[in-house]
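Let's take a friendly walk through a protein model and look at how some of its aromatic rings sit together. Have the structure open as you read.

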Amino acid sequence: MLKNQVTFRRVTAGVLLIVAPLLQAVAVVVDPGTWGDDREAVSFGDNPVLAQVQSALYHWSWMLMAVAVLGLVHFTRRRASVLGHVSGGLTILGYLALSALLMIDPVEWYLGQRNSPEQAQKILDEMLNLPGVIFGFQLPWMFFGLLGLPVVLLAVWRAGAVHWWVPLVVGVGYVGSFAVEYGPLTVPFWVAPAVALGWVGVKVLRMGDAAWAAYYPAPVPAVTEGAPA
């Protein structure tokens, strides 16, 4: 498989479309902050093991999702190319920015172990409100991931590679999650996209190399010197 670029890219895309969103769905379920105190300096202290597990799950989910988006953009080589390339690039940047912010999790646990919840939150706010953190990691990059993925899937739908309900479910799930506080209500919002993306991943794995390669643009015939154009 490693020597066949079509098989390698297809299988990699299919597997990651299943695994990456699934890791995020599992992370929100095991996260102590989902079910406990909404101040993570407190909830992480209640169960530091699960706090570390959810951080690692989110990290790998978002890192792998960035790679999976490259696989989705493949379907826009012939149609909806501009929308696919622009939204795909911004979505990849968004997922990488999201992953970088996870390093604040152990800091929250550390502050919560040595300060009152109010003091811990005050210190954390001072750290996160630094201009370099806000504009280097948070705004607008971190929103490009979850908000950009439905747009990428819209381009993939326009290219004829998925059904209309896939971008709809992913959009309702990820965009809708911003309308509720992070907690138990986030779980169904993030499980639904995992199911839709998993379906796409299975489809990619089952489509075969010929169907995957069909999305490559047709080669441009070479013009021989002296031949009529």
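Start with a group of four residues: Tyr58, Trp62, Tyr182 and Trp190 form one aromatic cluster. Keep in mind that the model you are looking at is predicted. Rings count as a pair when their centres lie within 6.5 Å, and by this rule there are eight aromatic pairs.

One of these pairs joins Tyr58 and Trp62, with ring centres 4.9 Å apart and 20° between the planes. Planes under 30 degrees apart count as stacked, so this pair is stacked. Where do Tyr58 and Trp62 lie? Both are in helix H4, which covers residues 48–73. They are four residues apart, or about one turn of the helix.

Now turn from Trp62 to another partner of Tyr58. The rings of Tyr58 and Trp190 have centres 6.0 Å apart, and their planes meet at 90°, so this pair is edge-to-face. The pair links distant parts of the chain: Tyr58 belongs to helix H4, while Trp190 belongs to helix H11 (residues 186–213), 132 residues apart.

Are these residues buried or exposed? Residues under 20% relative accessible area count as buried. Tyr58 has a value of 4%, so Tyr58 is buried. Trp62, at 7%, is buried too, and so is Trp190, at 8%.

To put the picture together, find Tyr58 once more: Tyr58 is stacked with Trp62 and edge-to-face with Trp190.

Definitions and conventions:
Residues are numbered from 1 along each chain as its sequence is written. This is a predicted model: local features need pLDDT of at least 70, side-chain atom pairs count only at pLDDT 80 or more; totals for chains, interfaces and linings use all residues. Side-chain values use heavy atoms; hydrogens and water are left out. Rings of Phe, Tyr and Trp (its six-membered ring) pair if their centres lie within 6.5 Å; planes under 30 degrees apart count as stacked, over 60 as edge-to-face and the rest as tilted. Helices (H or I, at least four residues) and strands (E, at least two) are DSSP runs, numbered from the N terminus. Buried means under 20% relative accessible area, exposed over 50%, partly exposed in between (1.4 Å probe, protein chains only).
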